[in-house]
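Could you walk me through how the parts of this protein fit together? I'd like to start inside one chain and then move out to where two chains meet.

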Number of protein chains: 2
Amino acid sequence: MTPANSRVTVVGSGNWGSVAAKLIASNTLKLDSFHDEVRMWVFEETLPSGEKLSQVINRTNENVKYMPGIKLGKNVVADPDLENAVRDASMLVFVTPHQFMEGICKRLVGKIRRDAISLIKGMEVKREGPCMISSLISEQLGISCCVLMGANIANEIAVEKFSEATVGYRKDKETAEKWVQLFNTSYFMVSAVQDVEGVELCGTLKNVVAIAAGFVDGLEMGNNTKAAIMRIGLREMKTFSKLLFPSVKDSTFFESCGVADLITTCCNNAKLLHLLLLTSGGRNRRCAEAFARNGGKRSFDELEAEMLQGQKLQGVSTAKEVYEVLRHRGWLELFPLFSTVHEICIAVPPTAIVEYSEHTPKFSLVGGSAQFF
Amino acid sequence: MTPANSRVTVVGSGNWGSVAAKLIASNTLKLDSFHDEVRMWVFEETLPSGEKLSQVINRTNENVKYMPGIKLGKNVVADPDLENAVRDASMLVFVTPHQFMEGICKRLVGKIRRDAISLIKGMEVKREGPCMISSLISEQLGISCCVLMGANIANEIAVEKFSEATVGYRKDKETAEKWVQLFNTSYFMVSAVQDVEGVELCGTLKNVVAIAAGFVDGLEMGNNTKAAIMRIGLREMKTFSKLLFPSVKDSTFFESCGVADLITTCCNNAKLLHLLLLTSGGRNRRCAEAFARNGGKRSFDELEAEMLQGQKLQGVSTAKEVYEVLRHRGWLELFPLFSTVHEICIAVPPTAIVEYSEHTPKFSLVGGSAQFF
């Protein structure tokens, strides 16, 4: 190992961050171009035992709080000091809740040397357009930033069930290949596409479709309807992304970040419900199902408080943000599914999701307009 | 009504045929360009009561055997005489089991005047390429033939749950629009694409992916794996179709016939399992799940005998047929999923579906080659 080898730091240590560290640590041991050690920044907590989380991770090689029972690899070093954790890193993996990223970037200005990748799903969509986490990182830290998205329920990857993921990059294919090398394992198959916005938008917009899918489940509309709603949702994801970023490619929506992540997020595999409940996608669909079962009479605020101990659903807030963009740009008619999801969240009955007679002209419009993109 | 109005005959009266007649009959009443009456050819059966099926349909307006409880419309006339049923028709809807089509076409040579559409999923894939039902009809009867495919579980459409479908046409957009008019209702949304082969191949190839999805369910591999397998399956459907018919469009796989039908066919919505069991898609996935749970130790023949009263699974035979094409053309390496499904059906253990270490180069190859299509 020469000092020129890439050093990797994972910023974040929730369940996905821990699994990312495990994947990466298995590769840095094997690949000569990476330094063996993988640093993982831990937002320090004191455990009920009185010990610090970072110390327990370093002693046991397990994130006992967020990914218990899974050995991360002895070359993963937990570090509660953010500045120290990133100091020597030339490759940074961001995998924190998205609301922390602005603060983290501020603390890291001028301290980062090379490349970054964001695994953070669910950036905000502001009226003037989406506020991409990868752009935030690029702009604030003056470095390039790729993204990695896909059908990636962390608990399943932790136990090495086969899955896929997509790396999105802007221009630098060589760096993208390096990220692929770093994440790819026999059970985690990564491929790279030159479409950072398309990949990143998939990770956010699918949560809106998951809300729609949950409504369909709650109304017991059946398999055809669920599939139709998912399909229309995928099309609106594509159309919305391409309207905002003309460089977005159709093919991206056939990647793991597109159709596959949509499937894991919208489908309720009963046998694996206990796993799904731990995931954001599962949450969106599940709360929307409960919302529809109650005929919209109990608000999302109330259901979130009851079902998620007060955590907020990303899908509901993303639907609102997307609605603002659509209204601002005069595109509401082009996106009947996206706009109806928000309208149901705030006022109209859940059955509106398939009020076809009303929606037919709107849906047709989308069909027509989709030809142009 | 002038005699120049189009007269429609539905050839077939199973559950999907009955629902097709119901959809069409509701439209011929409303639209001036169609004769009100819809003929439905019934393969005559004597019911336990001693009555003929066609007579009971005409007396009750219900197909008491294949779609009990659903009123087809008073303008649907069941007719057990094939030649008589088609005599005055200018628009023919074929919706029989696919193995009957060759015989039916032979009986109809020279007796058909205008346009046809096929709703038949699961044409055969011969070594020299797929034997499209729409081509069989076109060639044998000397008429144009469109297709209609989609996420269309008949029992759900019968009770007017919202769904979508795709009409595929070759050249004649005007005729395609007429078919859309004839099928489209407030709860059954039809759109047309100029890609008859793409649409028709979707309806067949998805059954191979359903077998793969069933294996994943039987092995309890989880949501990521299931989504990955469905995604890879969709990509192989696209690549295979485009290799055989360069005119096939990527966008077709985003239509109801593509991604949506794949979802209904591969997903096991527990709440609706009683409906799924009646569908071909459900059967393929379900038997494959049982096959994998038994570690491949009980053959498909045995499971079909037990679970399907001896009916054969389309997915298993299509996988074999596709395998022959792939081997014949030297494409096996390009289609790891399709080829592995067949290999599992005949010999290798079900876990091969995700034996990634072995498959990685193959999967990567597909990823690479997919760029060219």
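Between domain 1 of chain A and domain 2 of chain A there are 19 residue pairs in polar contact, and keep in mind that this is a predicted model. As for what domain 1 of chain A brings to that meeting, quite a list of elements each put in at least two residues on the side touching domain 2 of chain A: the strands β8 (124-126), β9 (129-131), β10 (145-149), β11 (163-168) and β12 (188-193), plus the helices α5 (133-141), α6 (154-158) and α8 (196-218). The largest share belongs to β11(A), with four residues. Sort that side of domain 1 of chain A by residue type and you get twelve nonpolar, ten polar and nine charged.

Salt bridges are scarcer here: the rule finds one across the interface of domain 1 of chain A and domain 2 of chain A. If you want a salt bridge to click on, try A:Lys121 and A:Asp261, whose closest N and O atoms lie 3.0 Å apart.

Now step back to the two domains themselves. Domain 1 of chain A runs over 6-197 and domain 2 over 198-363, and their centres, taken over C-alpha atoms, are 27 Å apart. Contact involves 31 residues of domain 1 of chain A and 32 residues of domain 2 of chain A. Together the two domains of chain A bury about 2,700 Å², with carbon and sulfur atoms giving 58% of that. On the domain 1 side of chain A, the residues losing the most area to domain 2 are A:Val125, A:Arg127 and A:Glu197, which add up to 26% of what that side buries.

Next, the chain-to-chain contact. Chain B and chain A put in 49 residues each, and between them they bury about 4,400 Å², 61% of it on carbon and sulfur atoms. Which three residues of chain B supply the most of the area it buries against chain A? They are B:Phe162, B:Asn224 and B:Phe254, at 19%.

Four salt bridges turn up across the interface of chain B and chain A. For a salt bridge between the chains, look at B:Glu164 and A:Arg231, where N to O is 2.6 Å. The interface of chain B and chain A also has 14 residue pairs in polar contact. Several elements of chain B supply at least two residues each to the side touching chain A, among them α6 (154-158), β11 (163-168) and α16 (356-370). The top contributor is α9(B), with ten residues. By type, that side of chain B splits into 24 nonpolar, twelve polar and 13 charged.

Definitions and conventions
Residues numbered from 1 in each chain as written. Chains lettered and ligands numbered in written order. Predicted model: local features only at pLDDT ≥ 70, side-chain atom pairs only at ≥ 80, totals over all residues. Heavy atoms only, no water. Domains from an automatic or database assignment. Contact = heavy atoms within 4.5 Å. Buried area = accessible area lost by both parts, 1.4 Å probe. Salt bridge = Lys/Arg side-chain N within 4 Å of Asp/Glu carboxyl O. Polar contact = N/O pair within 3.5 Å; in protein donor to acceptor, adjacent residues only side chain to side chain. Nonpolar A, V, L, I, M, F, W, Y, C, P; charged D, E, K, R; others polar.
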